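Got the viewer open? Let's take a walk through this one together, one selection at a time.

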Amino acid sequence: MKDLIIIGGGIIGGSSLYYLLEKGYKGKILVLEKNDALAQESTSLCAGGIRNIWSTTVNMEMTSYSIEHFKDFKNIFGVSIGFEQNGYLFTYYEDEWEDIVNFKPRWDEVGVNVELIPPEEIEALIPGIRAGVNHLDPDILEMVPISPIVGGLYGKDCAILNSTSAAEAYFKYSRDKYPDQIEISLNTEVHKIMIGGGEVKGVVTKKGESIEAGAVLLASGAWSKKIFDDSDIPENLSIPVEPIKRMLFVVSPPKSANYSHIPLTIIDNGIYFRPEAENLIVGRADENQIPGFDTEPDRSYYEELINLYMQARIEGAEYSRIQNMWGGLYAVNTQDNNALIGEHPDFKNLYLSTGFSGHGVMEAPAAGLSIAEIIEGGGVKTIPEVKKLRIERIREREFVKETIVI
Ligand SMILES: Cc1cc2nc3c(=O)[nH]c(=O)nc-3n(C[C@H](O)[C@H](O)[C@H](O)COP(=O)(O)OP(=O)(O)OC[C@H]3O[C@@H](n4cnc5c(N)ncnc54)[C@H](O)[C@@H]3O)c2cc1C
């Protein structure tokens with residue numbers, strides 16, 4: 001019998017494993033992953049953006065902790081994860097700018113390093129970007145309704161990294177250092193969680209094998225709610241986490257511009273882009289995307305809803321042709337766009353770390369640390385604010401609503 005089963009071999013499963021062992025967990029841990037390799041789902045399909053610019057304190061604190069951890073990653077794990085601290089740059093129209101200016105003291109208070117910058121500085125940071133719209137024909141403006149950018153929110157501590165390498169490093173380090181405590185079983189899909197007398201008893205795999213365990217940690221990202229459903233857990237005890245497709249496009253940069261060290265930049269229509277070697281990774285959340293496990297990328301989405309806007313805003317963006325594209329899944333907490341971290345209130349020893357709503361890579365270190373502290377029995381200590389992400393908040397309607405979601 002195992003002491004703990006971790007369902008999911010992504011970055012959340014990996015960071016949880018690492019922190020549990022480093023914090024002194026003595027039990028035997030079994031990691032179950034449905035794929036034939038670790039870290040192949042959302043973790044490897046993501047944009048790798050790391051920012052501490054948020055509206056909720058818990059996200060600011062978790063990501064600030066994570067930035068420091070990722071900065072030190074090579075020293076701890078001996079692995080390069082392509083951590084590049086080029087910053088994040090949000091751009092704003094007049095109607096949103098006042099809110100940003102008013103919120104700045106809150107970021108200062110929590111210690112989030114942000115600067116408000118004028119349009120000229122934005123133009124200096126991102127070659128070819130035009131903050132105004134005077135260069136556009138009225139016909140184009142009607143088709144691509146953009147407004148002048150009046151200011152930018154620039155977070156210099158923010159970064160990008162290779163999240164697959166980070167996740168793999170958590171598992172490798174843990175396996176090398178604690179070989180007697182860990183077993184990792186690939187190609188093993190959990191069908192359901194076994195529960196009896198209000199307590200977790202283990203899991204049943206898709207192949208029909210029952211594996212007993214004293215505790216289970218659900219770190220299965222966009223599949224988390226499906227596991228609840230398959231376990232016949234009633235809806236009122238389940239979790240509001242939906243799989244929602246998000247697409248990324250690798251495109252050539254705007255003509256003759258050197259974009260290799262620009263910040264991850266967010267412009268009109270929620271479009272974001274960041275350097276990827278000589279190219280750019282570009283994305284935009286589709287608000288109309290219906291939940292489901294479809295991950296098919298759609299070229300016309302880039303051409304119509306992304307590139308047309310980029311062309312209007314950035315000189316030479318018509319040369320930004322697709323080199324590669326893919327879709328992946330956000331695990332969206334439909335109630336407040338924030339993670340669920342803690343023990344399930346109705347099922348003893350069922351722990352959750354899921355529902356990261358598009359910010360799981362940048363919260364993985366803080367989430368791993370916090371769930372390790374919870375499983376060890378003392379509750380969240382290092383980042384007390386994480387207590388707010390407890391599962392009970394959903395039914396108590398004590399939401400921790402995050403508004404800066406991209
Ligand atoms: C397009 C896109 C862009 C993103 N950009 C960013 C970004 O810039 N910054 C950021 O922080 N986050 C970003 N995210 C979100 C980020 O990728 C996730 O929040 C993060 O990877 C969550 O990690 P995870 O380990 O929970 O999920 P996953 O990496 O999906 O891992 C879950 C694992 O559980 C396994 N699993 C599921 N069900 C079962 C089962 N029944 N049995 C066994 N194994 C199972 C899966 O196979 C998977 O390996 C992005 C996501 C997408 C899709």
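Which helices and strands each supply at least two residues of the shell around the ligand? Select helix H1 (11-22), helix H2 (42-45), strand E12 (241-251), strand E16 (322-333) and helix H11 (360-375), and you have them. Keep in mind as you click around that this is a predicted model.

**Stop 1: the ligand**

Stay with the ligand and show the 40 residues around it. Gly8, Gly10, Gly221, Gly328 and Gly360 come nearest, so colour those five if you like. Try colouring the shell by class, too: you should get 18 nonpolar, 17 polar and five charged residues.

**Stop 2: the two domains**

Now give each domain its own colour. Domain 1 is 2-81 + 162-240 + 335-396, and domain 2 is 88-96 + 116-156 + 243-332. Their centres, taken over C-alpha atoms, are 31 Å apart. The contact between them takes 17 residues from domain 1 and 17 residues from domain 2. On the domain 1 side, the residues that touch domain 2 divide into six nonpolar, 10 polar and one charged.

Where does the ligand shell lie relative to these domains? Both domain 1 and domain 2 give residues to the shell, so it lies between them.

**Stop 3: zoom out**

Pull back until the whole protein is in view. You're looking at 12 helices and 18 strands. The C-alpha atoms fill a box of roughly 70 × 45 × 40 Å, taken along the principal axes. A compact globule of 406 residues would have a radius of gyration near 22 Å, and the protein's 22 Å agrees with that. Buried residues make up 48% of the 406. If you draw contacts between residues at least 6 apart in sequence, 76% of them join residues at least 24 apart.

**Stop 4: helix H3**

Select residues 57-71, which form helix H3. From its first C-alpha to its last, this 15-residue helix reaches 21 Å, close to the 21 Å expected at 1.5 Å a residue.

Is H3 mostly covered or mostly uncovered? Mostly covered: 11 of its 15 residues are buried. To see them, show the side chains of Val58, Asn59, Met60, Glu61, Met62, Thr63, Ser64, Tyr65, Ser66, Ile67 and Phe70. Then bring in what covers these buried residues, which includes strand E3 (49-50), helix H4 (73-77), helix H5 (94-110), strand E7 (159-160) and H11.

**Stop 5: helix H8**

Next, pick residues 163-177, helix H8. H8 has 15 residues and reaches 21 Å from first C-alpha to last, close to the expected 21 Å. Its buried residues are Ser163, Thr164, Ala166, Ala167, Glu168, Ala169, Tyr170, Phe171 and Ser174. What do they pack against? Turn on H1, H2, H4, strand E8 (182-185) and H11 to see the partners. You've met H1, H2 and H11 already, among the suppliers of the ligand shell.

**Stop 6: two loops with a twist in phi**

Most residues other than glycine have a negative phi. The next two residues go the other way.

Click on Asp232, in the loop between helix H9 (224-230) and E12. Phi here is near 60°, a positive value. Asp232 is exposed, with 9 other C-beta atoms within 10 Å.

Then jump to Ser357, in the loop between strand E18 (350-354) and H11. Its phi is also positive, near 55°. Is Ser357 buried or exposed? Ser357 counts as buried, because it has 23 C-beta neighbours inside 10 Å.

**Stop 7: two last selections**

Follow the chain to Gly379, in the loop between H11 and helix H12 (393-396). Gly379 is partly exposed, with 14 other C-beta atoms within 10 Å. Leaving out residues up to four places away in sequence, Gly379 touches Glu373 and Ile374. Try a distance line to Gly342 as well: the two are 37 residues apart in sequence and 8.8 Å apart in space, C-alpha to C-alpha.

Finish at Glu304, in helix H10 (residues 299-313). Glu304 counts as exposed, with 12 C-beta neighbours inside 10 Å. Draw one more line, to Val144: the two C-alpha atoms are separated by 9.6 Å, though the residues sit 160 apart along the chain.

Methods. Residues are numbered from 1 along each chain as its sequence is written. This is a predicted model: local features need pLDDT of at least 70, side-chain atom pairs count only at pLDDT 80 or more; totals for chains, interfaces and linings use all residues. A residue is near a molecule or strand if its C-beta atom, placed from the backbone, lies within 6 Å of it. Helices (H or I, at least four residues) and strands (E, at least two) are DSSP runs, numbered from the N terminus. Ala, Val, Leu, Ile, Met, Phe, Trp, Tyr, Cys and Pro count as nonpolar, Asp, Glu, Lys and Arg as charged, and the others, Gly among them, as polar. Domain bounds come from an automatic or database domain assignment. The expected span of a helix is 1.5 Å times one less than its number of residues. A residue is buried if 20 or more other C-beta atoms lie within 10 Å of its own, exposed if 12 or fewer, and partly exposed in between; C-beta atoms are placed from the backbone. Two residues are in contact if their C-beta atoms, placed from the backbone, lie within 7 Å. The radius of gyration is taken over C-alpha atoms; the globule rule is 2.2 Å times the number of residues to the power 0.38.
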